[in-house]
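The exercises that follow are meant to be worked with the sequence and the model open side by side. Try each task before reading the solution beneath it.

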Amino acid sequence: MKRVLIIGIGAGDPDHLTFQAAKAIAAADVFFVLDKGEVKGDLVRLRQHLIETHAAGPYRIVTEQDPERDRTTPAYAAAVEDWRARRAAIYGRLIREELADGQTGAFLVWGDPGLYDSTIAIVEEVADGSFEYAVVPGISSVAALTARHRTSLTQVARPVHLTTGRRLAEDGPGADDVLVMLDARTAFDGLDDFHIYWGAYLGTPDEILIEGPVAEVAEQIKQVRAEARARKGWIMDTYLLRRIRKAEHPES
Ligand SMILES: C[S@@+](CC[C@H](N)C(=O)[O-])C[C@H]1O[C@@H](n2cnc3c(N)ncnc32)[C@H](O)[C@@H]1O
């Protein structure tokens, strides 16, 4: 039987790697790497570093080009579905052709594999009984964000809404505590009833943290974000919005 491990590697800091993930890397014979192109070279280097540090025996790295998603079409769901199908074809072929019986293959997934990542769903889709698979949790960018801001994701007995920048822009906050990922459009702008805890490149030497009432820090975040993005060529940022309680702002 072949074995496939989907390993969460944390959100940027090599020390985010858990002991369980390090053991899983040590157990792997083949690492499957979906190359996202040059712009995210830093991420590729981190993955490489983790493999070199924790691999225990001989291993192979098999790199494939990650298919491009069509970002021009307004048919967002169809474009994502098409992208997923093309990735599934690649994953299926990698497991079929690059992994021998008795071997372990590993996908190293940014953050936690259970959070806005399609690897688990794709492996489930191509599972045909010829291999078994398991998931190793990782430190997510959400955990990294709240820890670096020395705050908690949840408030006592309160729910949290986890969403994307696109949905925040389309649907509004929908809750008093909102965690936003995948935001290319700074959708927090104008949500002046909220306090924001914002973080970019969390866990890396480029980490940036900004916190404060949206009304006061939105412009600063937008400016810092645009500059950082231009400098590095890419940005990953996450933020927590927490509705400001009236008592804290009696005049409003
Ligand atoms: C495709 S999702 C993957 C999330 C990942 N599985 C996790 O657990 O963090 C990518 C989004 O995660 C967030 N993200 C991931 N790593 C980050 C980091 N180091 N700093 C800030 N945000 C990050 C950003 O919102 C980014 O747009």
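**Exercise 1: Strand β1 and its partners**

In this predicted model, begin with a residue of the sheet: Leu5 stands opposite Ala134 in β5. Task: establish which strands pair with β1, in which sense, and how well β1 is covered.

Solution. Start on the side of β5, where strand β1 (residues 2-8) is joined to its partner by six bridges, the two strands running parallel. A further pair on this side is Arg3, whose bridge partner in β5 is Glu132. Then turn to β4, with which β1 pairs over six bridges, again in the parallel sense; here Ile6 has Phe107 as its bridge partner. Finally, consider the cover of the strand: five of the seven residues of β1 are buried, and the strand is accordingly described as mostly covered.

**Exercise 2: The whole sheet**

Task: give the order of the strands in the open sheet, and name the strands that lie at its edges.

Solution. The sheet is built from five strands, in the order β3-β2-β4-β1-β5, and the pairing is parallel. Reading that order from its ends gives the edge strands, β3 (60-65) and β5 (131-136), each of which pairs on one side only. From one strand to the next the twist averages 25 degrees. To place a helix against this sheet, follow α1 (residues 19-27), which lies across β1, β4 (104-109) and β5 and runs at about 145 degrees to β1.

**Exercise 3: Two domains and a ligand**

Task: describe how the two assigned domains meet, and then explain why the ligand is said to lie between them.

Solution. The domain assignment gives domain 1 as residues 2-139 and domain 2 as residues 142-248. Their C-alpha centres are 27 Å apart, and the contact draws 11 residues from domain 1 and 11 residues from domain 2. On the side of domain 1 that touches domain 2, the residues divide by class into five nonpolar, three polar and three charged.

Next, take the surroundings of the ligand, which comprise 20 residues, with Gly111, Ser140, Ser141, Met181 and Leu202 coming nearest. The elements that contribute two or more residues to this shell are β8 (194-200) and β10 (237-243). By class, the shell holds 10 nonpolar, seven polar and three charged residues. The last step is the argument from the domains: both domain 1 and domain 2 give residues to the shell, and therefore the ligand lies between them.

**Exercise 4: Two partly exposed residues**

Task: for Ala89 and for Pro213, find the element that holds the residue, and account for its class of exposure.

Solution. Ala89 belongs to helix α3 (residues 76-98). It has 13 other C-beta atoms within 10 Å and is therefore partly exposed, since that class lies between the limits of 12 or fewer for exposed and 20 or more for buried. Although Ala89 and Val126 are 37 residues apart in sequence, their C-alpha atoms are 8.1 Å apart in space.

Pro213 belongs to strand β9 (residues 208-213), and with 15 other C-beta atoms within 10 Å this residue too is partly exposed. Once the neighbours within four places in sequence are set aside, Pro213 is in contact with His195 and Ile244. The C-alpha atoms of Pro213 and Asp192 are separated by 7.1 Å, the two residues being 21 apart along the chain.

**Exercise 5: Positive phi in a loop**

Task: locate Arg150 and Ala157, state the phi value of each, and decide whether each is buried or exposed.

Solution. As background, most residues other than glycine have a negative phi. Against this, Arg150 has a phi near 55 degrees, a positive value in a residue other than glycine, and Ala157 likewise has a phi near 55 degrees. For location, Arg150 lies in the loop between α5 (141-148) and β6 (161-164), and Ala157 is also placed in the loop between α5 and β6. For exposure, count the C-beta neighbours: Arg150 has 8 others within 10 Å and is therefore exposed, whereas Ala157 has 5 inside 10 Å and so counts as exposed as well.

Conventions
Residues numbered from 1 in each chain as written. Predicted model: local features only at pLDDT ≥ 70, side-chain atom pairs only at ≥ 80, totals over all residues. Near = placed C-beta within 6 Å. Helix = DSSP H or I, 4+ residues; strand = E, 2+ residues; numbered from the N terminus. Nonpolar A, V, L, I, M, F, W, Y, C, P; charged D, E, K, R; others polar. Domains from an automatic or database assignment. Pairing = 2+ DSSP bridges. Axes fitted to C-alpha atoms, helices over the stretch in contact; angles between N-to-C directions. Contact = placed C-beta atoms within 7 Å.
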